[in-house]
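Dear colleague,

Please find below the structure that I am handing over to you. My findings follow it, and I would be grateful if you could read them with the structure open.

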Amino acid sequence: MSSSSTARVSSRVERRTTNDNGSVQPRAPSGQAGGRGERLDPRRTQSPQPSASGTSHKRTASGSQRTNRAVEERRTERVQVTTRETLTTRTRSPDRRPAPSAQPSERQRPAEPSRAYSGDPRPKPGRPETLPQAPWNPEVSLVPHTSAPLASRISIPPLASHTPQSLQPKPLHELSLEVQEAAILEDLLMVFMGYEGQYVRFAKTYNPAVEKDRLAGPGYKILPGLDPSLQDLTTTMLKMATHYGAVEAFVEVQSRDEFGAVNHALCAAIRKLLQDYLIMIVQLETQFLTSPSFTLHVLNLHTLPTSHLMFQLYSLAHEILKRNSMLEEDEDSDDGYDDIENILESLREGGDLGPGNIPGKKICKGGSVLGLITKRLETMSGDPAARSLLTSLLRDASRPYMIMLNEWLHHGSIKDPHAEFLVREQKSIKRERLEQDYTDEYWERRYTIRDHDVPPQLEGVKDKVLLAGKYLNVVRECGGVDVSKAVTDVPRSFDDNRFLDNVNSAYAHANESLLALLLTTHALPARLRSLKHYFFLDRSDFFSYFLELGTSELRKPVKNVNTSKLQSLLDLVLRQPGSVAAQDPFKEDIKVEMNEVSLTNSLTRVVNISGIEQGETLQTPASQPTNESDKAAVGFTSLQLDYSVPFPVSLVISRKTVWRYQALFRYLLSLRYLEQQLVSCWQTHNRAASWSHKSSNRDVEMWKRRVFTLRARMLVFVQQLLYFCTAEVIEPNWQALMAKLNAKEDSKGGASPVRTVDELMQDHVDFLDTCLKECMLTNSRLLRIHSKLMQTCTFFATYTPWLTRELERMDPDLSGTDKPAQMNKQQWDRFKETQTQKHADSTASNSAGGGLTDEARLEKLEKMFETIQKYEINFSRHLQILLDALNHYAATETVVLLGLCARLSTANQGTQYSGLQANEDGGAQA
């Protein structure tokens, strides 16, 4: 034994061998066989493998250069610690099974050389007693499969601190400096691969069975007794081992299915780097075995670049794990959106709630991972090595993302099983819902952007990416895209110079395709003109005829109206030769329906709804005369048209826009109907003898003149309002919309051409919103005032027959049987005929009012003056309130209302309310 020690000191090669042997103990059989060349081969082949068998072979080969028993003791201990050997090398198991009986004796004997350094005492007693008490037979097993296909399935070996005392190595303070360095060198080579060494072991706070500890990286401790000259350098190099262990655990965890394709690609790229790292460890081991000049400082110099690379990988992995809330430094998720719709859809299709689909669990994947890499690349731009590493990782990790992006840009479809693409698809919102959707949900919410998962490279063009795919998706559903055609010659990663050009060209192509589909194939301008004919009563000779035919039905209460009969009448009128609608190819799409909610109540509800989509509540109208007015509704006030359009025109003419058309139609129809009632009132006043003849009673004649004046003022109000809405609001805005549509083909006009389908859709909605606003249908105050004026005019026109009867009773010229002097014979005959028809089934005589005395007639006349005065005051006051409100809103919001204000002011001139100011408005309303 002493000669062996002398040889180690005298020769550098022998000292290196002794150092190696001093650190790890081989088994006796393998330690004494073969020369140096035979020892190098198994070490070179086994060391890259992270298995236990490779470790035992290495240690056996390096230990074969010495025969001292202390070395053999340490070799044997290492074999027992790395229990994975039983899985990879079955042939060693028979040798190891009987070993426990001989090991204790071997353990007794290695103590002799170990003490021979200090005086050669041999404490044999006591060692054999531990044989039956500490049976050490660790076994390896296979762990169950996970969703990570390349994850290790070998059970974790027992910790070195749990091994029996008999297998513990010789204390460091009993070894010479050279032997300590050799032992630490060999331990470091093992630790660099994630295993414990003889003297370098896991810290007590580290538990390899806990995933969070593995992801944070193992901490290491060095057994006491190491020389201070080696301690600091060893501690510094152990950081690389910690980083390697953490990165290796990160790769296993992030390779699971729920973390998405981008994480999988990132892990594949890191796995290649780890393979290069293990190759470097093999090369260092070869240097350790063959080069006498290989010291701890040389090892440190060789590992410095790799240590920096491992630190960069560790830092990146740490950031991703923090985003995944898998470390103690969990971050609060700022993305509160849970993709509940897709989860429910997945469950309906028989899917399962995997770990990545649990609501509320935020996983950093897809664009978030690419954003982290990009952000770190910007931060480390001054470090060439880190920049090169992160650029390579970004290139590899972005490949699956670019595949999804190209599929979306060029086919309009999303293949995103892990929900990591920047565009989210709500599968529950289907195309069939367009017929009942009043919120444009299909277009606005079927495809949306995940704002928190957009890669920085796409932040500036994310809207173009969304629109390009949406446009192409519509064209694809109409059969305009060949999905089977493979996408070629497109960028495959973010660092490609054609990246932005690819997005812009795909966006332009998709937009052109959908615009051509809408404007040419599906004749969108012709459909809009058809809508104008029906809903805005443009050249509506057919509709006037329809109202005449359906008068008897439309006068009924709304619940008693036969809609089928009205639909038949409308179809008959639309097919009448010579009608404007007869040549309309879309006349089959128009339908008649009844809306039991009055126009004012319906508009008030809509006006008072603000932001239900953003979570606000529905605000009920302040006044609730809803039930009474709705119950009194008749067919004329409840009639509305519906219009059905096929896909994809339904994206532009959606239910939301059709509702706007219906609101404008009902408003115009109410004005036309009121005008018709007042015109009928005018006809009655001109044709009926009781109104047309000049009464001999001056007071009666004065009362009739006041009635005529009020009727004329009301008719002026309705006609001016109708003219304003059609000629000054709808028509100019319609011409502006059509100019934008036509500017696409002919840009010589002053209007800017339509560039995108979304702009076209927005222009259409803006046109309708502008019409609603300028027609005073979006302001609750104007709606209330206008409703009161319309009710006053309607009551006046409705009560004209009653006024006629009261006039006949209070006019002395009509109470007798003789013809009045002021009435010609034709008028008298017509009057008598009318009276006969009225009282044909009545027991009352023609001269029913003849019994009235002059006092009773005078009293009746006073009451009639009071009645007409109430109508005058009510109409004049509300009209002046309307004028003041119009002046206010014209100055603050809508300038076009000034024209209406000027027109309506003529209907209130000469009244006591013509000078009412805005400050009297509140008192007047009260």
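The axes of helix α15 (residues 296-323) and helix α17 (residues 367-379) come within 11 Å and cross at roughly 140 degrees; please note that this is a predicted model. Angles over 145 degrees would count as roughly antiparallel, so the crossing at roughly 140 degrees makes α15 oblique to α17. The crossing is right-handed. On the α15 side, the contact is made by Q312, S315, L316, E319, I320 and R323, and on the α17 side by V369, L372, I373 and R376. Of these contact residues, five are nonpolar, two polar and three charged.

A second helix pair consists of α27 (residues 599-608) and α35 (residues 780-798), whose axes come within 10 Å and cross at roughly 170 degrees. Because of that angle, α27 is roughly antiparallel to α35. T600, L603, T604 and V607 of α27 meet S780, L783 and S787 of α35. Here the contact residues divide into three nonpolar and four polar, with no charged residue.

I turn next to the strands. In a regular strand, side chains alternate between the two faces of the sheet. Strand β5 (residues 590-594) shows such alternation: I590, V592 and M594 point to one face and are buried, whereas K591 and E593 point to the other and are not buried. Strand β6 (residues 639-643) runs antiparallel to β5, and five bridges join the two. Within this pairing, V592 of β5 stands opposite L641 in β6.

Yours sincerely,
A colleague

Key: Residues are numbered from 1 along each chain as its sequence is written. This is a predicted model: local features need pLDDT of at least 70, side-chain atom pairs count only at pLDDT 80 or more; totals for chains, interfaces and linings use all residues. Side-chain values use heavy atoms; hydrogens and water are left out. Buried means under 20% relative accessible area, exposed over 50%, partly exposed in between (1.4 Å probe, protein chains only). Helices (H or I, at least four residues) and strands (E, at least two) are DSSP runs, numbered from the N terminus. Two strands pair if DSSP finds at least two bridges between them. Axes are lines fitted to C-alpha atoms, for helices over the stretch in contact, and angles run from 0 to 180 degrees between N-to-C directions. Angles under 35 degrees count as roughly parallel, over 145 as roughly antiparallel, 65 to 115 as roughly perpendicular and the rest as oblique. A crossing is left-handed if the near helix is turned anticlockwise from the far one by less than a right angle, and right-handed if clockwise. Contact means heavy atoms within 4.5 Å. Ala, Val, Leu, Ile, Met, Phe, Trp, Tyr, Cys and Pro count as nonpolar, Asp, Glu, Lys and Arg as charged, and the others, Gly among them, as polar.
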